[in-house]
Amino acid sequence: MLNSRDERTGMKTFFLFSLILICGFQCSIAQTAPLKQWDIRYGGSDWDELSCLQQTSDGGYILGGHSYSGITGDKTQASKGGRDYWIVKTNQDGVKEWDASFGGDGDDILTWIEQTDDEGFILGGYSWSHAGGDKTEDVSLAGAELSGR
């Protein structure tokens, strides 16, 4: 019997199943349904999963999650181990500006992202990696500049 990792191998799963920006939504029975402004998918050739997102000070979005994918599709950095933190910065129209991966030799799962006062980002989550790669301590907390570095 295949385990869940084997079942995902070779299957293209998208990092963002559907990020939909809905403007002007008001809760009222008499109002018309909200209109979808855009719908864009991001991902590599393996399993990529969105866990958090935030609108940024420039009107764009920062998307955060984890990825098994190497350099394929929308992912521009190689895998560092099992799952790696993966962040994608978009503009207000959902067009990707940059992406970045962080991780060690094992699984690293991003669960939280927030923009800092200096326009960078702070990331938090879980890690089962040893020190090495982008990981130096047992605490899994990372910072990224606006450019994703």
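This section describes the fold, confidence, nonpolar cores and selected residues of a predicted model.

The protein chain contains one helix and nine strands. Read from the N terminus, these elements follow the order α-β-β-β-β-β-β-β-β-β. Of the 149 residues in the protein chain, 40% are buried. Among contacts with a separation of 6 or more, 50% are made by residues 24 or more positions apart. The protein chain exposes an area of about 8400 Å², and 53% of this area is supplied by carbon and sulfur atoms.

Confidence varies along the chain. The mean pLDDT of the protein chain is 77, with 68% of the residues at 70 or more. The lowest confidence is found in strand S1 (residues 19-22), where the mean is 39, and the highest in S4, where the mean is 95. Over residues 1-28 the pLDDT stays under 50; the model has 58 contacts beyond four places in sequence for these residues.

In soluble globular proteins, nonpolar side chains tend to be buried together. The largest nonpolar core of the model consists of eleven residues, namely Cys52, Ile62, Tyr85, Ile87, Trp98, Ala100, Phe102, Leu110, Ile113, Phe121 and Leu123. At least two residues of this core come from each of strand S5 (84-90), strand S6 (96-102), strand S7 (108-115) and strand S8 (121-127). S6 provides the largest share, with three residues. The surroundings of one core member, Leu110, were examined through its contacts beyond four places in sequence. Leu110 is in contact with the core residues Cys52, Tyr85, Ile87 and Leu123. Its other partners are Ser51, Gly64, Gly65, His66, Trp86, Gly124 and Gly125. A second, separate core has six residues, including Trp38, Tyr61, Leu63 and Trp86.

Three aromatic pairs were found in a search of the whole structure. In one of them, the ring centres of Trp38 and Tyr61 are 6.0 Å apart and the planes stand at 65 degrees; the pair is therefore edge-to-face, as the angle is over 60 degrees. This pair links distant parts of the chain, with Trp38 in strand S2 (residues 36-40) and Tyr61 in strand S4 (residues 61-67), 23 residues apart. Trp38 has a relative accessible area of 11% and is buried. Tyr61 is likewise buried, with a relative accessible area of 9%. Both residues also belong to the second core.

Strand S4 also contains Ser67, a residue that counts as buried because its relative accessibility is 0%. A polar atom of the Ser67 side chain lies 2.9 Å from the backbone nitrogen of Ser69. Beyond its neighbours within four places in sequence, Ser67 is in contact with Trp47, Asp48, Lys75, Gly82, Arg83, Asp84 and Trp86. Of these partners, Trp86 is a member of the second core. Lys75, another contact of Ser67, has a side chain in polar contact with that of Ser101, at 3.4 Å. Ser101 lies in strand S6 and counts as buried, with a relative accessibility of 3%.

Two glutamates were examined in the part of the chain that includes S7 and the loop after it. Glu114 is located in strand S7. With a relative accessible area of 36%, Glu114 is partly exposed. Its contacts, not counting residues up to four places away in sequence, are Gln54, Gly120, Phe121 and Ile122. Among these, Phe121 is part of the largest core. Glu114 is also 9.3 Å from Gln55, C-alpha to C-alpha, with their positions 59 residues apart in sequence.

Glu119 occupies the loop between S7 and S8. Most residues other than glycine have a negative phi. Glu119, although not a glycine, has a positive phi of about 75 degrees. At a relative accessibility of 33%, Glu119 counts as partly exposed.

Methods
Residues are numbered from 1 along each chain as its sequence is written. This is a predicted model: local features need pLDDT of at least 70, side-chain atom pairs count only at pLDDT 80 or more; totals for chains, interfaces and linings use all residues. Side-chain values use heavy atoms; hydrogens and water are left out. Rings of Phe, Tyr and Trp (its six-membered ring) pair if their centres lie within 6.5 Å; planes under 30 degrees apart count as stacked, over 60 as edge-to-face and the rest as tilted. Helices (H or I, at least four residues) and strands (E, at least two) are DSSP runs, numbered from the N terminus. Buried means under 20% relative accessible area, exposed over 50%, partly exposed in between (1.4 Å probe, protein chains only). Contact means heavy atoms within 4.5 Å. Accessible areas come from the Shrake-Rupley method with a 1.4 Å probe; for residues, only the protein chains shown count as cover. A polar contact is a pair of N or O atoms within 3.5 Å; within protein, one must be able to donate a hydrogen and the other to accept it, and residues adjacent in sequence count only if both atoms are side-chain atoms. A nonpolar core is a set of buried Ala, Val, Leu, Ile, Met, Phe, Trp, Tyr and Cys residues joined through side-chain atoms within 4.5 Å. pLDDT is the predictor's confidence in each residue, from 0 to 100.
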